[in-house]
Amino acid sequence: MQRIFAARLLASFVFALASASLVSAGHPLVANEGQTLCWFDAEGQCIEKVKLTGAPHDIHVLEDGNILTHQHTEIVELDAESKEIVWKYDARKLSDVKRVELHSIARLPDGNLMVALSGQGTIYEIDRSGKVARQFDLKRDHPHPHRDTRLVRPIVDGDNWTYLVAQEGDGYVREYDRDGKIVWEFDVPLFGKEKKGGHGPEAFGDSVFAALRLENGNTLIATGNGHSLLEVTPAKEIVWKVEQNDLPGITLAWVTTLQLMPNGNIVLGNCHAGEGQPQIIEINREKEVVWSLMDFEHLGNSVSNSVVMTK
């Protein structure tokens, strides 16, 4: 009986240590829970919250520390100190389509903004007044205002750039040049499984959320409800992946935000995974969890986006 009690005590102690490791973020960051933006310090404490009028799907920290994000179709910039909105523009003005949704924005090298409008199926480059400098339409196999795009990231090459577009509804990552020509694409595989509806760990599909171009020319993909990360070569060969249960003690659900850290580690979002699962995770290339954030007091089960403040 004493041995059983000791074993149970040891197991409880190990579980407590594991749980504690999920509390401290290790980095200052901004994340959203629905319509609320939450700022966390490096100890994992929520230090500030701002309520928006709509849930954002993209968050950026600008060079001056300001936050660039959006509420519904309105792009907003929040002051780093006061957290007040210092600039805004409603991207709805760019389209005459009845229903459009905004899922991604980005600051471009020339100072303009990239705006991706789902429903319209168009990438725009605009200045802060909303004047369009350039635009092109996306290829859409399954057009839908909620699923045409998720995150879009510019791949900068000198004075020019292309766009890496996660097209959730099509299950494709496509790279477009600025004239709208597809220069590379990847069909996110189902690995022989059947699609299954829902948002949690039990769901499954190819609703890709994000993609980043790596320095070696490969592409890192967050597969959304595919519960995985994939590294894909230009020849479309998968050379590295993290699957749903590869991380000890963690179950991946809707894998969302991707961020590359200066040391090569990867920060990913783990949305809709449920209580007891971290919402934000940092891993290394050996698939070891470096740190993770689990906070169901200030966040919840709908943390679609986050960004670590690396400066």
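**Sheets, cores and local features of the predicted model**

Strands β5 and β6 (residues 74-78) run antiparallel and are joined by five bridges. The model is predicted. Within this pair, Gln71 has Glu74 in β6 as its bridge partner. Both strands belong to an open sheet of four strands, ordered β4-β5-β6-β7, with antiparallel pairing. Its edges are β4 (60-61) and β7 (85-90), each of which pairs on one side only. Strands of a sheet pair through backbone hydrogen bonds, in either the parallel or the antiparallel sense.

His70 sits in strand β5 (residues 67-71). Its relative accessible area is 0%, so His70 is buried. The side chain of His70 has polar atoms placed close to two backbone groups. One distance, to the backbone nitrogen of His57, is 2.9 Å. The other, to the backbone oxygen of His72, is 3.0 Å. Residues up to four places away in sequence set aside, His70 touches Leu52, Gly54, Ala55, Pro56, His57, Asp58, Ile75, Val76, Leu102, His103 and Ile105. His57 thus appears both in the contact list of His70 and as a backbone partner of its side chain.

A second open sheet also has four strands, in the order β20-β21-β22-β23, and its pairing is antiparallel. The edge strands here are β20 (254-260) and β23 (289-293), and each pairs on one side only. On average, neighbouring strands of this sheet are turned by 20° against each other, direction ignored. Inside the sheet, β21 (residues 266-271) and β22 (residues 280-283) pair in the antiparallel sense over four bridges. Leu268 is bridged to Ile281 in β22.

Another antiparallel pair is formed by β18 (residues 229-232) and β19 (residues 238-242), again over four bridges. Val232 stands opposite Ile238 in β19. The two strands, β18 and β19, form a hairpin with five residues between them. In the turn, Lys236 has a positive phi of about 75°.

The largest nonpolar core has 21 residues. Leu229, Leu252, Leu258, Leu268 and Ile283 have the most contacts inside it. At least two residues of this core come from each of β16 (210-213), β17 (219-222), β19, β20, β21 and β22. Another core, of 15 residues, lies apart from it and includes Leu102, Ile105, Leu113 and Ile126. Leu102 and Ile105 are also among the residues that His70 touches. In soluble globular proteins, nonpolar side chains tend to be buried together.

The surroundings of Ile283 can be listed in full. Leaving aside neighbours within four places in sequence, Ile283 is in contact with Leu229, Trp240, Val242, Leu247, Asn265, Ile266, Leu268, Glu288, Val289 and Val290. Two of these, Leu229 and Leu268, are named with Ile283 among the residues with the most contacts inside the largest core.

The structure holds zero disulfides. Cys38 is in none: its nearest cysteine sulfur, that of Cys46, is 4.5 Å away. The cut-off for a disulfide is a sulfur pair within 2.5 Å, so the pair Cys38 and Cys46 does not qualify. Cys38 is buried, with a relative accessible area of 0%. Cys271 is not bonded because its sulfur is 14 Å from the closest cysteine sulfur, in Cys38, which is too far. Cys271 is also buried, with a relative accessible area of 4%.

Most residues other than glycine have a negative phi. Phe191 has a positive phi, near 55°, and is not a glycine. Phe191 lies in the loop between β15 (182-187) and β16. Its relative accessibility is 41%, so Phe191 counts as partly exposed. Lys287 likewise has a positive phi, of about 65°, without being a glycine. Lys287 is placed in the loop between β22 and β23. At 26% relative accessibility, Lys287 counts as partly exposed.

Conventions:
Residues are numbered from 1 along each chain as its sequence is written. This is a predicted model: local features need pLDDT of at least 70, side-chain atom pairs count only at pLDDT 80 or more; totals for chains, interfaces and linings use all residues. Side-chain values use heavy atoms; hydrogens and water are left out. Buried means under 20% relative accessible area, exposed over 50%, partly exposed in between (1.4 Å probe, protein chains only). A polar contact is a pair of N or O atoms within 3.5 Å; within protein, one must be able to donate a hydrogen and the other to accept it, and residues adjacent in sequence count only if both atoms are side-chain atoms. Contact means heavy atoms within 4.5 Å. Two strands pair if DSSP finds at least two bridges between them. Axes are lines fitted to C-alpha atoms, for helices over the stretch in contact, and angles run from 0 to 180 degrees between N-to-C directions. A nonpolar core is a set of buried Ala, Val, Leu, Ile, Met, Phe, Trp, Tyr and Cys residues joined through side-chain atoms within 4.5 Å.
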